Amino acid sequence: MYYLSLSDYLKRIYGQKVYKISLQSGCSCPNRDGTISRGGCTFCSEGGSGDFAAPLLPISEQIAIGIKRVEAKLPKGSGHRFIAYFQSYTNTYGDTHKLIGLFEEAIRDERVIVLSIGTRPDCLSDEMISELKKLQERYHKKIWVELGLQSVHDYTARRINRGYLLPVFEDSYRRLKAAGLAVIVHVIVGFPWESENDILATVKYLSDLHPVLDGIKLQLLHILKGTKLGDEYMRNPFHVLSLEEYCSILIKCLKLLPEETVVHRITGDGPKKILIAPLWSGDKKRVLNTINKAVKEA
Ligand code: SF4
């Protein structure tokens, strides 16, 4: 079967391979700082490292370091292009003008061709969306907004302490799309209380969105040390998906997606050092080979 992978999409649009560099905005997360809760989402390991307090380098320096790191692994040459990715925490949670200043510093770099911003749907004011729209138009470069929905089911939202319910996502989705911004949604596959039908219902809901969803990240549930879910698992281990089960569900998910929705991820790299389960997910090569084979045969 065919699905539109991120690398195929980037080659089609930009005619070349495009690399991601991760940048820090210095934002925290309202689900961790006490505004919504102090605990955070139960699967989330971010914030445990104490790097909220780490001094922030200027964006231009972060870009230089990120590009140097990527280019060290590439054949010598120039003309490489990059996605500036504000990945950690909630990158629209803070002063709009200050944050837009950081985003502008990234998007105006000529080597950066896409700006990608990870955030929560309850942290997107009309002002922030309007400023992002202006930035996209001023630089003629795409801005992607990534939302960690994980599941459309409210019982899951409550169990993972996500801190917002589905209508909040729907409202932000509508406003982002109306502003011409691309939306990428993160989905977690493998919550122990969700059946296969529950997972497929999430993907079906996203597949039926109008306007059409720009991108999706499908990620296996990783149970990590230092998280509430990790503590629960250690106290009372529950069923986690096998690689075969994951592949089977993944293929059903991919079959539901509209052909123009870009699949940014079909698994996640479990951070090996803190991975409790499923341990097979730490073997990245085997996982990718098995998934690619299953997709080919589907
Ligand atoms: S997953 Fe995102 S929203 Fe949830 S606690 Fe972690 S950083 Fe905050």
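Is Gln150 buried or exposed? Gln150 is buried, with a relative accessible area of 10%; here buried means under 20% relative accessible area, exposed means over 50%, and partly exposed lies in between (1.4 Å probe, protein chains only). The structure is a predicted model, in which local features need pLDDT of at least 70 and side-chain atom pairs count only at pLDDT 80 or more, while totals for chains, interfaces and linings use all residues. Residues are numbered from 1 along each chain as its sequence is written, and side-chain values use heavy atoms, with hydrogens and water left out.

Gln150 belongs to strand E4 (residues 142-150). Helices (H or I, at least four residues) and strands (E, at least two) are DSSP runs, numbered from the N terminus. The phi of Gln150 is near 75 degrees, a positive value in a residue other than glycine. Asn161 also has a positive phi, of about 60 degrees, although it is not a glycine. Asn161 sits in the loop between helix H5 (154-159) and helix H6 (166-178), and at 26% relative accessibility it counts as partly exposed.

Asn161 is one of the residues touched by Thr42. The others are Arg159, Ile160, Thr227, Lys228 and Leu229, not counting residues up to four places away in sequence; contact means heavy atoms within 4.5 Å. Thr42 is found in the loop between strand E1 (18-23) and helix H2 (59-71), and it is buried, with a relative accessible area of 5%.

The next topic is the ligand. The residues around the ligand are Cys29, Arg32, Gly40, Cys41, Phe43, Cys44, Tyr89 and Arg120, where a residue counts as near a molecule if one of its heavy atoms lies within 4 Å of it. By class, this shell has five nonpolar, one polar and two charged residues. In this scheme Ala, Val, Leu, Ile, Met, Phe, Trp, Tyr, Cys and Pro count as nonpolar, Asp, Glu, Lys and Arg as charged, and the others, Gly among them, as polar. Tyr89 of the shell can be set beside Gly79: the two are ten residues apart in sequence and 30 Å apart in space, C-alpha to C-alpha. Gly79 lies in the loop between H2 and strand E2 (81-86) and is partly exposed, with a relative accessible area of 37%.

The interior comes next. A nonpolar core is a set of buried Ala, Val, Leu, Ile, Met, Phe, Trp, Tyr and Cys residues joined through side-chain atoms within 4.5 Å. The largest such core has 69 residues, and those with the most contacts inside it are Phe103, Leu115, Leu132, Phe169, Leu206, Leu218 and Leu254. Helix H9 (243-256) gives the most to this core, with eight residues. A second, separate core of 14 residues includes Cys41, Phe191, Leu229 and Val240. As for Leu132, leaving aside its neighbours within four places in sequence, it is in contact with Ile100, Phe103, Ile117, Ile143, Val145 and Leu181.

H9 has 14 residues and reaches 20 Å from its first C-alpha to its last, close to the 20 Å expected at 1.5 Å a residue; the expected span is 1.5 Å times one less than the number of residues. Its buried residues are Leu243, Tyr246, Cys247, Ile249, Leu250, Ile251, Cys253 and Leu254. What covers them includes strand E5, helix H7, strand E6, strand E8 (262-265) and helix H10.

Helix H7 has twelve residues and reaches 16 Å, close to the 16 Å expected. Among its buried residues are Ile199, Leu200, Val203, Tyr205 and Leu206, and the cover over its buried residues includes E4, H5, H6, strand E5 (182-189), E6 and H9. The loop between H7 (196-207) and strand E6 (215-220) holds Pro211, which a cis peptide bond joins to His210, with omega about -5 degrees.

A second cis bond runs from Ala277 to Pro278, with omega near -10 degrees. Pro278 is in the loop between strand E9 (275-277) and H10. In H10, Val287, Ile291 and Val295 are buried. They cover an arc of only 60 degrees around the axis, taken from the directions from the helix axis to the C-beta atoms, so they lie on the same side of H10. The buried residues of H10 pack against H9, while the face turned away from the buried side carries the exposed residues Lys285, Lys293, Lys296 and Glu297.
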